[in-house]
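Reader: Hello! I am new to this structure and would love a close look at a single part of it. Could you pick a good place to start and lead me on from there?

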Amino acid sequence: MEEGGCLSCKDLKQVVIVGLYSQTIFPLVCDRALRIDSIADLRRDLLQSLRGDVLEIGFGSGLNLACYPAAVEHVTSVDPNPGMSARARQRIAATAIDVQHLQLRGEELPMAAASFENAVCTFTLCSIDDVDRALREIFRVLKPNGRLYLLEHGRSPDPQVRRWQARLTPIQKIVADGCRLNRDIPVITAKAGFRFESLSQFYLPQAPRWLGSIFQGIARKRTDS
């Protein structure tokens, strides 16, 4: 950056290229990778007990909409990427669910405390910069004993796989718009004040283990001190 805080031509070109990739190319790649049938089955299995109003953090291209049960009437969705939001519009228009979509970061939720019974995060916590703050915000806007439904990839239980995740995460952050391969999903969720009612860890059979270490579970907002 030049004196006075102005962007040089080189800096400006880099910003444009990064923005183009993040908002145009990556949303297309991410949508194709995450809309496969086996992942849709995992979404439906996780979300089957939901009803009423739901808060979804990391809405992406709206792939969860087709997996929500009929008892879900309204979704308040949050995602900061305008390219993802553009891809989600067609799915929002096609669903019978009432969707209020907010283009903002999960670390800065505008909702009042104790606004929702349920929140959903699918393939989201890996890419939020300040994930601890985002989880604290979800905790804040959930009602007492509210539930957080999670389907995430993250830190493998196997030491050899974890070593590969550590090696590949710097590359993954670049090519997958901030995605970390080795976030310990159960630990960071518990740290924010949640207690898991159910939790499964497994590998996606069609993915390499460093990428396909999956956590699926439901965590309740703790109300004890």
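**From the pocket to the strands**

Author: Let us start with α1, which gives seven residues to the lining of the largest pocket, the most of any element. Please keep in mind as we go that this is a predicted model.

How much space lies in the largest pocket? The answer is about 1000 Å³. Its lining is made up of 48 residues, and those nearest the centre are F26, C30, F123, C126 and S127. Besides α1 (9-34), the elements that contribute two or more residues to this lining are α2 (37-47), β1 (52-57) and α5.

Two of those names lead us onward. I will take α5 before turning to β1.

Helix α5 covers residues 159-175, and I171 is found in it. Together with I174 and V175, I171 forms a nonpolar patch on the surface. The accessible area of the three residues comes to about 290 Å² in total.

Next comes β1. This strand pairs with β4 in the parallel sense, over four bridges. If you would like a landmark for the pairing, look for I57, which stands opposite C121 in β4.

Strand β4 itself spans residues 116-122. Six of its seven residues are buried, so the rest of the structure largely encloses this strand. β4 also has β5 as a partner: the two run parallel and are joined by six bridges. Here you can look for V120, whose bridge partner in β5 is Y149.

From β5 we can step across to β7. Strand β5 covers residues 142-153, and seven bridges join it to β7, this time with the strands running antiparallel. One of the pairs to find is R147 with its bridge partner R220 in β7.

Is β7 largely enclosed or largely open? Eight of the nine residues in this strand (residues 213-221) are buried, so β7 is largely enclosed by the rest of the structure.

On to β6, another partner of β7. Strand β6 holds residues 194-203, and nine bridges connect it to β7 in an antiparallel arrangement. Within that pairing, F202 has I214 as its bridge partner in β7. S200 is another residue found in strand β6. Its relative accessible area is 35%, so it counts as partly exposed. S200 and I214 are 14 residues apart in sequence, while their C-alpha atoms are 8.0 Å apart in space.

Now let us turn to the charged side chains. Side chains of opposite charge can pair when their charged atoms come close. How many salt bridges does a search of the whole structure find? There are 14.

One of them brings us back to R220, the residue we met opposite R147. R220 forms a salt bridge with E197, and their closest N and O atoms are 2.5 Å apart. With E197 in strand β6 and R220 in strand β7, the pair links distant parts of the chain, 23 residues apart. E197 is partly exposed, at 41% relative accessibility. R220 is partly exposed too, with a relative accessible area of 23%. Elsewhere, D31, R35, R87 and R91 are joined into one network by salt bridges that share partners.

Let us look inside that network. The side chains of D31 and R35 meet in a salt bridge, with 2.6 Å from N to O. Is D31 buried or exposed? D31 counts as buried, because its relative accessibility is 1%, and buried means under 20%. R35, on the other hand, is partly exposed, with a relative accessible area of 43%.

A last pair returns us to the surroundings of α5. D184 forms a salt bridge with R155, and the closest N and O atoms are 3.8 Å apart. D184 lies in the loop between α5 and α6 (185-191), whereas R155 sits in the loop between β5 and α5, so the pair ties together parts that are 29 residues apart in sequence. D184 counts as partly exposed at 24% relative accessibility, and R155 counts as partly exposed at 34%.

To retrace the walk on your screen, begin with α1 at the largest pocket, and move from β1 to β4. Then go from β4 to β5, from β5 to β7, and from β7 to β6.

Notes. Residues are numbered from 1 along each chain as its sequence is written. This is a predicted model: local features need pLDDT of at least 70, side-chain atom pairs count only at pLDDT 80 or more; totals for chains, interfaces and linings use all residues. Side-chain values use heavy atoms; hydrogens and water are left out. Buried means under 20% relative accessible area, exposed over 50%, partly exposed in between (1.4 Å probe, protein chains only). Two strands pair if DSSP finds at least two bridges between them. Patches are made of residues with over 30% relative accessible area and no salt bridge: like charges are joined within 9 Å, nonpolar side chains (Val, Leu, Ile, Met, Phe, Trp, Tyr) within 5 Å. Accessible areas come from the Shrake-Rupley method with a 1.4 Å probe; for residues, only the protein chains shown count as cover. A salt bridge is a side-chain nitrogen of Lys or Arg within 4 Å of a carboxyl oxygen of Asp or Glu. On a 1 Å grid over the protein atoms alone, a cavity is a set of points where a 1.4 Å probe fits but cannot get out, and a pocket is an open set with protein on both sides within 12 Å along at least five of seven lines; lining residues have an atom within 4 Å of a point. Grid points are joined across faces, edges and corners, and a volume is the space filled by probe spheres set on the points.
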